[in-house]
Amino acid sequence: MKAQPSILKAALWMAGWLSLMLVTAIAGRETTQELDVFQVMLVRSVIGFFMLYPLVHASGGLAAMKTARPLGHIGRNVVHYTGQYLWLYALTLIPLAQLIAIEFTMPIWTAILAVVFLGERMNIWKNTAIVLGLIGVAIIVRPGGAINPGQLYALASAVGFAISVVMVKSLTRTESVVKIIFWMLIIQSLIGLIPAIPVWRWPSLEVWPWLFVIAFGGTFSHYCMARAMLHADATVVVPMDFLRVPLTALAGWLIYSERVDTITVLGATLILAGNMLNLKSAGTARIRPALDTESSGPTSN
């Protein structure tokens with residue numbers, strides 16, 4: 001059974017993405033205080049592979065992971081690995097809320113790339129959702145002063161993530177979600193092995209739980225994102241991710257007792273309004289997957 005265009009299903013999968021990305025960001029901050037970023041990325045990919053394997057088995061095993069688009073997977077994962085490294089490195093240089101906010105230039109690049117390479121169409125509702133979201137992010141961040149290297153790394157990572165999102169959308173037309181994540185973990189483990197070896201140090205007992213959180217969140221957040229892409233255009237799915245900004249502010253208040261001021265509430269309101277407008281008025285996806293993933297989940301057999 002092929003996946004049907006559905007804004008509701010896309011929104012539910014994006015809720016999973018948002019939750020996992022939030023806990024992954026917190027775990028990343030905790031972990032990189034002790035370990036090098038390259039090591040964190042390698043451990044995340046290796047552990048993530050074993051976490052994903054039950055889905056691989058349910059989808060037909062390793063034989064079913066054969067792909068006719070190896071270059072597409074390699075290209076996507078080189079770009080994503082670079083973006084992920086820049087994101088984690090920026091996490092060690094600038095505040096978490098600032099990193100997440102800068103990351104939200106990603107929908108601009110995603111929308112442009114999706115129109116150029118995927119043939120998706122922009123309309124007034126999608127444009128308005130993106131504009132409202134970016135205004136809300138700008139209000140929350142209240143940028144000013146000199147830009148430090150961490151901010152530049154965060155911006156570069158946003159461009160890399162946008163390219164990766166568009167490439168994932170292209171891959172979902174012929175590849176199952178499990179297959180996309182499988183090759184992500186394999187390729188990124190191979191890419192990360194060489195730079196991780198010189199900086200390797202055995203993680204302390206306190207860090208291991210955070211590493212498992214990163215592995216789980218980093219693996220299955222992409223599963224959620226790819227499933228969302230099956231039900232809606234990239235230009236519909238990505239603006240939903242704006243909610244991560246107010247959610248990060250809420251987590252900061254609950255976990256670290258960070259104050260949430262009126263300006264932050266105003267920015268979050270604009271972000272939420274843009275997303276609600278997008279969910280209500282945006283068109284659904286023109287989905288053409290040759291191999292859909294509704295049958296690739298754990299309950300397929």
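## A walk around helices H7, H3 and H4

Select Ser-164 to begin: this residue is buried, with a relative accessible area of 3%. Keep in mind as you click around that this is a predicted model.

Now colour the helix that holds Ser-164, which is H7, residues 149–171. With Ser-164 still picked, show what it touches beyond the residues up to four places away in sequence: you should find Arg-76, Val-79 and His-80. Those three are part of H3's side of the contact with H7.

**Next stop: H3 against H7**

Select residues 70–91 to bring up H3. How do H3 and H7 cross? Their axes come within 8 Å, at an angle of roughly 155°. Since angles over 145 degrees count as roughly antiparallel, H3 is therefore roughly antiparallel to H7. Turn the view a little and check the hand of the crossing, which is left-handed.

Then show side chains where the two helices meet. On H3, pick Gly-72, Gly-75 and Gly-83, along with Trp-87 and Tyr-89, which are among the residues in this contact. On H7, the partners include Gly-150, Tyr-153, Gly-160, Phe-161 and Met-167, as well as our starting point, Ser-164. Colour the whole contact by residue type and you get 13 nonpolar, 10 polar and 1 charged.

**Back on H7: Ala-162**

Staying in H7, move to Ala-162. Is Ala-162 buried or exposed? Its relative accessibility is 0%, so it counts as buried; the cut-off for that is under 20%.

Which residues does Ala-162 contact, leaving aside its neighbours within four places in sequence? Select Met-106, Trp-109, Thr-110 and Leu-113 to see them. For Leu-113, try the distance tool: its C-alpha atom and that of Ala-162 are separated by 7.8 Å, although the two residues sit 49 residues apart along the chain.

**Last stop: H3 against H4**

Return to H3 and add H4, residues 96–103. These two helices pack at an angle of about 150°, with their axes 9 Å apart. That angle makes H3 roughly antiparallel to H4.

To see the contact itself, show Trp-87, Ala-90 and Leu-91 on H3. Facing them on H4 are Leu-96, Leu-99, Ile-100 and Glu-103. By type, this contact splits into 6 nonpolar, no polar and 1 charged.

Before you close the viewer, leave Trp-87 and Ala-90 highlighted: both take part in the contact with H4, and both are also listed where H3 meets H7.

Conventions
Residues numbered from 1 in each chain as written. Predicted model: local features only at pLDDT ≥ 70, side-chain atom pairs only at ≥ 80, totals over all residues. Heavy atoms only, no water. Helix = DSSP H or I, 4+ residues; strand = E, 2+ residues; numbered from the N terminus. Buried < 20%, exposed > 50% of the residue type's maximum accessible area, 1.4 Å probe, protein only. Contact = heavy atoms within 4.5 Å. Axes fitted to C-alpha atoms, helices over the stretch in contact; angles between N-to-C directions. Parallel < 35°, antiparallel > 145°, perpendicular 65-115°, else oblique. Left-handed = near helix turned anticlockwise from the far one by under 90°. Nonpolar A, V, L, I, M, F, W, Y, C, P; charged D, E, K, R; others polar.
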